[in-house]
Amino acid sequence: MTFKIASSPHLHIRRSTHDIMQLVILACIPGILVQAFFFGWGNLVHIAIAIVTALMAEALILHLRSRPIKPVLMDFSALLTAVLIGTSVPTFAPWWITVIGTGFAILVVKQLYGGLGFNLFNPAMAGYVLLLISFPVEMTAWLPPQSIVHHQVNIGDAFAAIFTGYTLDGYSVAQLRTTIDGMTMATPLDTLKTGFTLGLTSDEITTNPVFGSWYALGWEWVNLAYLAGGLFLLKMNVIRWQIPIATLGSLFLMGLLGYMILPDSSAGPLFHMLTGATMLGAFFIATDPVSASTTNLGRLIYGAFIGLMVFVIRTWGGYPDAFAFAVLLANMCVPLIDYYTRPRTYGYSQGSSS
């Protein structure tokens, strides 16, 4: 008979790391499928590449450290990191992009600090930022939605483009980004930022077909799918509500204030909610239990800070989307946030002597 000791409040039902990671991965599936439907099947290929890279990298480092391999691989933490990186990489980015980002996330960000539970930063976002800074051209070459591109692609084209740079019919990634009207498209966030830089108003910018008739063509459905997955995680008590609600609330408030003050040079709050990595970041990335704040008040502050940073970087920064940078900045602040928001010890009152 085994007597297990757990810290208060001594819950009778405790999920294992394997179960938590598995539920998070399952909750990602609707968003991944919708993303593949609108932007091509390349992300499924990148997820497969990332999974193989993550498992091999983790097995290698565990072997070098003389640690048991199978129990660590079976906790699915490396698998979740791979899924997040594969989802975040542009659809037809070269295969080596995913290998470098995933290898860095596992070998350096996670295992260099001792493995799961000891990493200071979110591994997936640290790997993503490394790629974004090192390979900005490849990491910003997102395809427009399939409904407005000139060349339709299938899963075979995705494999060919990722590993050779050309589809089965010989089209390059640059040609795939060309719409039916002959225009080379960028993401809605990038298009909006570029338009404001050129002095255009938001009404003039949103005539671009990449915005569609509802904020951001394709991206709004991707974000709604990740929102559905996030609500599933909340219902299953896998994540706490404080971080996603504070993140989305802060971003919505900043977007609303910006639109009220400068309506011609600022995106509205719903645009911020339904484009880019907003819902993926709020529910699946910011809520990482290792690198996020651990107190209830701290989670609210942590999430609000992420929402604020996302708005600031999207509006005035050099990169269109900002969730990865915002999460890493918040990760740096976690020790300070937790220090000043730690709950008072039961039976302790301010000024009492020890």
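Is Asn237 buried or exposed, and what is its relative accessible area? The legend to Figure 5 gives the answer, and the legends before it introduce the predicted model and several of its parts.

**Figure 1. The protein chain as a whole, shown as a predicted model.** The secondary structure of the protein chain consists of 17 helices and zero strands. Its C-alpha atoms fill a box of roughly 75 × 50 × 35 Å along the principal axes. A compact globule of 354 residues would have a radius of gyration near 20 Å, and the 21 Å found for the protein chain therefore agrees with that expectation. Buried residues account for 51% of the 354 residues. Of the contacts between residues at least 6 apart in sequence, 75% join residues at least 24 apart.

**Figure 2. Helix H5, residues 95–110, and the helices against which its buried residues pack.** At 1.5 Å a residue, the 16 residues of H5 should span 22 Å; the C-alpha atoms at its ends are 22 Å apart, so the expected and computed values agree. The helix bends by about 25 degrees at Phe104. Among the buried residues of H5 are Ile97, Thr98, Gly101, Thr102 and Gly103; Ala105, Ile106, Val109 and Lys110 are buried as well. The partners of these buried residues are helix H2 (42–64), helix H4 (77–88), helix H6 (123–134) and helix H7 (136–139).

**Figure 3. An aromatic cluster formed by Phe37, Phe38, Phe39, Trp142 and Trp219.** The structure holds 10 aromatic pairs. The ring centres of Phe38 and Phe39 are 6.5 Å apart and the ring planes meet at 50 degrees, so this pair is tilted. Phe38 and Phe39 are both buried. Trp142 and Trp219 form an edge-to-face pair, with 5.4 Å from centre to centre and 75 degrees between the planes. Because Trp142 lies in the loop between H7 and helix H8 (155–164) while Trp219 belongs to helix H12 (residues 219–235), the pair ties together parts that are 77 residues apart in sequence. Both Trp142 and Trp219 are buried.

**Figure 4. Arg342 over the ring of Tyr339.** This view shows a side chain placed above an aromatic face. Arg342 lies over the face of Tyr339, at 4.6 Å from the ring centre.

**Figure 5. Ser66 and Asn237, two loop residues with a positive phi.** Ser66 is not a glycine, yet its phi is positive, at about 55 degrees. This residue lies in the loop between H2 and helix H3 (70–73). The relative accessibility of Ser66 is 65%, and Ser66 therefore counts as exposed. Asn237 is likewise not a glycine, although its phi is positive at about 60 degrees. Asn237 is found in the loop between H12 and helix H13 (242–261). To answer the opening question, Asn237 is exposed, with a relative accessible area of 64%. The cut-off for this class is over 50%, so a value of 64% places Asn237 among the exposed residues.

**Figure 6. Tyr319 and the residues around it.** Tyr319 lies in the loop between helix H16 (296–316) and helix H17 (323–341). With 26% relative accessibility, Tyr319 counts as partly exposed. Leaving aside residues up to four places away in sequence, Tyr319 touches Leu132, Ile133, Lys193, Ile313, Arg314 and Phe325. Tyr319 and Lys193 are 126 residues apart along the chain, and their C-alpha atoms are separated by 8.9 Å.

Methods. Residues are numbered from 1 along each chain as its sequence is written. This is a predicted model: local features need pLDDT of at least 70, side-chain atom pairs count only at pLDDT 80 or more; totals for chains, interfaces and linings use all residues. Side-chain values use heavy atoms; hydrogens and water are left out. Helices (H or I, at least four residues) and strands (E, at least two) are DSSP runs, numbered from the N terminus. The expected span of a helix is 1.5 Å times one less than its number of residues. The bend at a residue is the angle between axes fitted to the seven residues ending there and the seven starting there. Buried means under 20% relative accessible area, exposed over 50%, partly exposed in between (1.4 Å probe, protein chains only). Contact means heavy atoms within 4.5 Å. Rings of Phe, Tyr and Trp (its six-membered ring) pair if their centres lie within 6.5 Å; planes under 30 degrees apart count as stacked, over 60 as edge-to-face and the rest as tilted. A charge sits over a ring if NZ of Lys or CZ of Arg is within 6 Å of the ring centre and within 35 degrees of the ring normal. The radius of gyration is taken over C-alpha atoms; the globule rule is 2.2 Å times the number of residues to the power 0.38.
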